[in-house]
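The exercises below are meant to be worked with the sequence and the coordinates open side by side. Each one sets a task and is followed by a solution that goes step by step.

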Amino acid sequence: MYSAIHIALDFLHRILAKSYTKELEICGEEIIHDLQNVAESIINFCPGSESSRQLDQLISQAYANLLALPITDNHQWRRLYSDASILRSLVDLASPQAPNEETAITCVTRLDHALIIAGAPGQGTQTLVQDLILTIQAEYLPQEPFNPAVLQSRSPSTHIPTLSTSSGTIPRLINPPPLSVFRRELLDRPFILTGFALDWPAMNEHPWHSIEYLRSVAGRGRVVPVEVGTDYRTNDWTQRMMPWHDFLNVLERDQNHPRTILYMAQHNLFSQFPALREDILVPDYVFTAPKAPTAYPLYRPPKNEEELVLNAWLGPAGAVSPAHTDPYFNLYAKAQVVGRKTVWLAPSTQRVTEALYPYPPPSLAYDRERGRNPAANLLAPSMTNTSQVDVFFDQDKDNFPLFWERAVPEALTATLEPGDVLFFPPGWWHAMRSEDMSFSVSMWF
């Protein structure tokens with residue numbers, strides 16, 4: 001209890017500072033006053049049950065505003081969500097009675113929500129959240145350390161059907177090109193670096209194919225966002241938060257014959273579990289500051305400090321990312337000992353893009369009455385980026401005739417093996433299908 005309060009003292013005093021009123025002025029003076037009263041009570045180890053009720057209401061209010069406002073206008077509400085979540089967990093920890101296991105797990109889960117839903121904005125807030133989670137786990141949620149001696153080998157499924165929806169294969173490079181050659185000659189075309197990631201810790205001493213390792217590296221009480229359903233274009237697809245251990249248990253049980261597809265897709269898992277970030281070696285190619293390709297002049301690098309976005313993808317055989325485009329250069333790595341993924345690529349020319357039958361811009365009236373299709377790009381409806389065509393299905397050629405006429409002749413495919421790294425330029429159409437239980441990392445730069 002005392003250790004958690006101690007590491008949060010700077011955060012608590014920051015809330016009590018006069019400048020905090022300015023940082024959350026959109027949220028209103030009454031909310032700020034409530035937060036400051038709770039912070040003072042925690043410092044004095046005397047928060048009451050009314051504090052818990054107030055904070056629960058503020059978390060709900062902040063979440064409602066996060067959903068209602070565009071991302072460009074909700075920074076202070078994200079800050080409120082995170083700060084109220086931290087305070088709410090500290091209230092539980094400052095209770096005169098030592099937290100039981102259930103309370104400790106609730107605290108960790110609440111802090112994870114601050115990371116996942118709100119991003120834990122504010123100076124030092126992400127670090128504080130991570131430190132609090134580790135402290136709670138160490139004091140109240142012990143677990144057995146990872147034992148590499150109990151590793152079990154897994155045999156992948158043997159048959160991968162060929163795709164009739166492409167006419168070529170993605171080139172493979174056995175020797176990684178020098179950075180100068182990459183910048184000068186290779187930025188405008190896809191290729192695979194065969195076995196490039198085989199020396200990553202994730203492939204060796206910290207094996208990501210081991211469910212036990214993935215359990216141990218996170219600790220107890222953690223949650224992650226998962227997609228439920230085979231394809232996010234369908235109406236029965238949904239998303240939900242799920243305990244990390246439960247998600248891993250389902251993957252282990254159903255790895256090659258899933259009853260329901262559960263897919264952790266495009267998630268910044270490394271902000272939650274920093275130890276996993278140490279298991280990968282980011283290639284120097286992502287730091288070459290490439291210029292916008294001629295075929296995609298709208299390219300701009302990610303706007304964070306590193307100009308790099310890392311996402312994790314973990315799911316069973318059959319998990320699919322339908323054909324879509326992204327606005328960044330992409331290095332896509334198979335960071336696991338077992339698991340293969342089939343990739344379909346096509347260039348971003350207007351002729352090909354029209355043949356992929358992108359979803360049209362969403363209708364506001366339709367959205368209001370029936371809910372939007374997840375594939376619709378509401379933030380930039382003029383750049384709707386997902387295809388209606390299932391490129392992994394050998395469908396009747398009377399459906400989507402332009403696809404067979406224009407896209408298939410230019411499409412490329414390959415099956416990524418463990419340790420392979422795929423590169424493709426911004427704007428290229430790409431689709432992925434897991435052939436086995438699969439853990440991958442994408443690097444947007």
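## Exercise 1: salt bridges and exposure

**Task.** In this predicted model, find the residue with which Arg184 forms a salt bridge, and decide for each partner whether it is buried, partly exposed or exposed.

**Solution.** Arg184 forms a salt bridge with Glu185, and the closest N and O atoms of the two are 3.4 Å apart; the distance can be accepted because the criterion asks for a side-chain nitrogen of Lys or Arg within 4 Å of a carboxyl oxygen of Asp or Glu. Next, Arg184 has a relative accessible area of 57% and is therefore exposed, since exposed means over 50%. Glu185, with a relative accessible area of 40%, is partly exposed.

**Task.** Characterise the salt bridge between Arg110 and Asp92, and say which parts of the chain the pair ties together.

**Solution.** The side chains of Arg110 and Asp92 meet at 3.6 Å, N to O. Arg110 lies in helix H7 (residues 101–118) and Asp92 in helix H6 (residues 75–93), so the pair ties together parts that are 18 residues apart in sequence. As to exposure, Arg110 is buried with a relative accessible area of 13%, and Asp92 is buried with a relative accessible area of 16%. Finally, the two residues belong to a network of salt bridges that links Asp56, Arg88, Asp92 and Arg110. For context, a search of the whole structure finds 16 salt bridges.

**Task.** Examine the salt bridge between Asp436 and Arg340: where in the chain do the two residues lie, and are they buried or exposed?

**Solution.** The closest N and O atoms of Asp436 and Arg340 are 2.8 Å apart. Asp436 sits in the loop between strand S13 (429–434) and strand S14 (438–444), whereas Arg340 sits in the loop between strand S9 (330–334) and strand S10 (341–346), and the pair thus links distant parts of the chain, 96 residues apart. Both Asp436 and Arg340 are buried.

## Exercise 2: strand pairing

**Task.** Determine which strands are joined to S11, in which sense they run, and how far S11 is enclosed.

**Solution.** Begin with strand S1 (residues 168–169), which is joined to S11 by two bridges and runs parallel to it; here Gly168 has Leu412 as its bridge partner in S11. Continue with S10, which pairs with S11 in the antiparallel sense over five bridges, and where Trp344 has Thr413 as its bridge partner in S11. For the last part, four of the five residues of strand S11 (residues 412–416) are buried, so the strand is largely enclosed by the rest of the structure.

**Task.** Give the strand order of the open sheet formed by nine strands, and name its edge strands.

**Solution.** The order is S2-S3-S12-S9-S14-S7-S6-S4-S5, and the pairing is mixed. The edge strands are strand S2 (172–173) and strand S5 (238–243), each of which pairs on one side only. Within this order, strand S6 (residues 262–267) and strand S7 (residues 309–315) run antiparallel and are joined by two bridges, with His267 having Ala312 as its bridge partner in S7.

## Exercise 3: backbone angles and a pocket

**Task.** Examine the phi values of Ala120 and Ala289, and state for each residue where it lies and whether it is buried or exposed.

**Solution.** Most residues other than glycine have a negative phi, which is why a positive value deserves a check. Ala120 has a positive phi near 50 degrees, lies in the loop between H7 and helix H8 (125–140), and counts as buried at 1% relative accessibility. Ala289 has a positive phi of about 50 degrees and is found in the loop between helix H13 (274–277) and S7, but Ala289 is exposed, with a relative accessible area of 52%.

**Task.** Describe the volume and the lining of the second largest pocket.

**Solution.** The volume of the second largest pocket is about 230 Å³. Its lining has 18 residues, of which Leu187, Asp188, Pro293, Thr294 and Ala295 lie nearest its centre. Sorted by character, the lining of this pocket divides into 10 nonpolar, three polar and five charged residues.

Technical notes: Residues numbered from 1 in each chain as written. Predicted model: local features only at pLDDT ≥ 70, side-chain atom pairs only at ≥ 80, totals over all residues. Heavy atoms only, no water. Buried < 20%, exposed > 50% of the residue type's maximum accessible area, 1.4 Å probe, protein only. 1 Å grid on protein atoms, 1.4 Å probe; cavity = no way out; pocket = protein on both sides within 12 Å on 5 of 7 lines; lining within 4 Å. Points joined across faces, edges and corners; volume = space filled by probe spheres on them. Nonpolar A, V, L, I, M, F, W, Y, C, P; charged D, E, K, R; others polar. Pairing = 2+ DSSP bridges.
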